[in-house]
Amino acid sequence: MGRLFGTNGVRGVANRDLTPGMVVKLASSAGSILGNRVALGRDGRTSSFLFKEAAISGLLSVGCSVFDLGVVPTPVLQYATKYFNLDGGLMITASHNPPEFNGVKVVAGDGVEVPQPVEEKIEEVYFKGGPEPASWDRVGDVKELHAFEPYCRSILSNIELEAVREAGLKVALDPGNGVATLVAPRIAQELGCKVYTVNADIDGTFPSRDSEPRPDNLKDLSALVQATGADLGVAFDGDADRAIFVDEKGGIYWGDVSFALVVKEFLKKHPGEAVATPVSSSKIIMDVVEEGGGSLLWTRVGSVTVSRTMVEKSIKLGGEENGGVMYTPHQPVRDGSMAMALIIEAIAKNGEPISKLFNELLRYRQMKAKVSCPEYLKSRVMERLESSIEGKHIEKIDGVKLWYQDGSWILIRPSGTEPAIRLYAEAREEVRVSKLVENVKKNIEEIISKLNL
Ligand code: MG
């Protein structure tokens, strides 16, 4: 049987890899598995209305009631699904992918993306030609649903409002022409902040920057922070589930550092709690968890795995290096606006500039690399590699992670999307981290050339 779902929903180039016909069949298949009451939302991409209409047709054809949320961030769709006790939800979005892409995220009744066994059930129905349609008198109906109010209230209820409002901070926001513009400025205002925005009109062609916020494409935001004298800058990805931060001097930080600050503040309020993060995250997360007296649970890479683990083990906080923060008291899924609110609260409560708070956490140098490796060799390369590195401290949660005496580490994982093996490494010194990557790269290349003989 073929696979439809990737690591985070179904994705492809609109009208080429992903057609309206496919979305009709996917939505009817999902509807037949999820239940009768299904939430539906879409992002601002040029093809999202097209696919939303296709999803409605599919859902109605199997007798589902569709609760149409309109244009919303993915976290709003997820929050609404649980808040209104619906059986599941579909979100039309390709998250941070380029504008020609689109996709469908399928959410269970608890607001978290469905686990893999449910994806497989949906795929089974899909590849058998779709579910049995409902008779003419049993087709579903569409109701409009508004969720911004309870969603924003939930975020605000998890923040110490008085302290934050008193601080009267200035924040600069860059939704990147995505749907964060619908909630983030409003939440920041409710937090007593003076708000400045850039790239804040929804435009599915993403004319200003890539939909994925990265340190190399946030010059607009960095300039806005400096021009306005803002205390903080926040950039969101296309569907607003991830946030990347800029300090008051215009310096841009990757998600590890901002998540470490969230963890630090969280453990002050909730001593002894557990925190979940993928094995690819910085050691800084481990450091702040230890310093704060909490416990750390490493998970496999991927936001859905982190969220599902958090639900299973009742963990309140999780996060990823790409700017995803999951906060269970609000909801255990990535939420860019929640992450923003927690960082604003951290500045207000510490009464110190964000550059100082972040710089205390900038302890390690990171490096990522990849080695080309044909698909059919991946598992044998990984096996050989494991046997050649015996004796050191090794973790095998996802790929192979080697820890060294001095606290540096390297993670080696076969890529799920490319014919390559990925390397992630971290050490205190630049020289050390590049040496680590260089050595392991050489080792893998030798294994590949021997296997290829
Ligand atoms: Mg996203």
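**Entry 1: the largest pocket**

I started with the residue classes around the largest pocket of this predicted model, and I counted 14 nonpolar, 18 polar and 18 charged residues in its lining. The volume of this largest pocket comes to about 1800 Å³. Next I asked which of the 50 lining residues are the closest to its centre. They are Thr7, Val301, Gly302, Arg413 and Thr417.

I then went through the elements that give two or more residues to this lining. My list has two helices from the earlier and middle parts of the numbering, H4 (116–127) and H11 (303–312). It also has four strands: S1 (10–13), S17, S20 (409–414) and S21. H11 supplies the largest share, with four residues.

**Entry 2: the second largest pocket**

I moved on to the second largest pocket, which holds about 210 Å³ of space. It has 14 lining residues, and Trp254, Val257, Leu362, Tyr364 and Gln366 are the closest to its centre. Two elements give two or more residues here, strand S11 (252–253) and helix H9. What is the make-up of this lining by class? I noted nine nonpolar, two polar and three charged residues.

**Entry 3: the cavities**

With the open pockets written up, I looked for enclosed space. How many cavities of 30 Å³ or more does the rule count? I got five.

The largest cavity has a volume of about 80 Å³. I wrote down its lining as Val262, Glu265, Phe266, Lys269, Tyr327, Leu342 and Glu345. Helix H9 (255–269) and helix H12 (336–350) each give two or more residues to it, and H9 gives the most, with four. Sorted by class, I have four nonpolar and three charged residues, with no polar ones. H9 was already in my notes from the second largest pocket, so I marked that helix for a second look on screen.

The second largest cavity has about 60 Å³ of space. Around it I found Asp256, Ser280, Glu321, Gln366, Met367, Lys368, Trp409, Tyr424 and Ala425. Strand S17 (365–372) and strand S21 (420–427) are the elements that give two or more residues. S17 gives the most, with three residues. This lining has four nonpolar, two polar and three charged residues. Gln366 turns up here, and I had also listed Gln366 among the residues closest to the centre of the second largest pocket.

Why do I place this cavity between two domains? Domain 2 (151–359) and domain 3 (365–451) both give residues to its lining, so it lies between them.

**Entry 4: domains 1 and 2**

That sent me to the domain layout. The chain is divided into domain 1 (10–146), domain 2 (151–359) and domain 3 (365–451). I took the first pair and found their C-alpha centres 27 Å apart. The contact takes 26 residues from domain 1 and 29 from domain 2.

How much area do domain 1 and domain 2 bury between them? I noted about 2100 Å², with 63% of it on carbon and sulfur atoms. On the domain 1 side, Pro75, Tyr79 and His96 lose the most area to domain 2. Together these three make up 28% of what that side buries.

Last, I checked for charged pairs across this interface, and the rule finds three salt bridges. I also looked up the salt bridge between Asp241 and Lys105. The closest N and O atoms of that pair are 3.3 Å apart.

**Entry 5: what I would pull up again**

For the next sitting I have kept a short list. I want H11 on screen for its four residues in the lining of the largest pocket, and S17 for its three in the lining of the second largest cavity. I would also show Pro75, Tyr79 and His96 against domain 2, to which they lose the most area on their side.

Notes:
Residues are numbered from 1 along each chain as its sequence is written. This is a predicted model: local features need pLDDT of at least 70, side-chain atom pairs count only at pLDDT 80 or more; totals for chains, interfaces and linings use all residues. Side-chain values use heavy atoms; hydrogens and water are left out. On a 1 Å grid over the protein atoms alone, a cavity is a set of points where a 1.4 Å probe fits but cannot get out, and a pocket is an open set with protein on both sides within 12 Å along at least five of seven lines; lining residues have an atom within 4 Å of a point. Grid points are joined across faces, edges and corners, and a volume is the space filled by probe spheres set on the points. Ala, Val, Leu, Ile, Met, Phe, Trp, Tyr, Cys and Pro count as nonpolar, Asp, Glu, Lys and Arg as charged, and the others, Gly among them, as polar. Domain bounds come from an automatic or database domain assignment. Contact means heavy atoms within 4.5 Å. Buried area is the accessible area (1.4 Å probe) that two parts lose on being put together, summed over both. A salt bridge is a side-chain nitrogen of Lys or Arg within 4 Å of a carboxyl oxygen of Asp or Glu.
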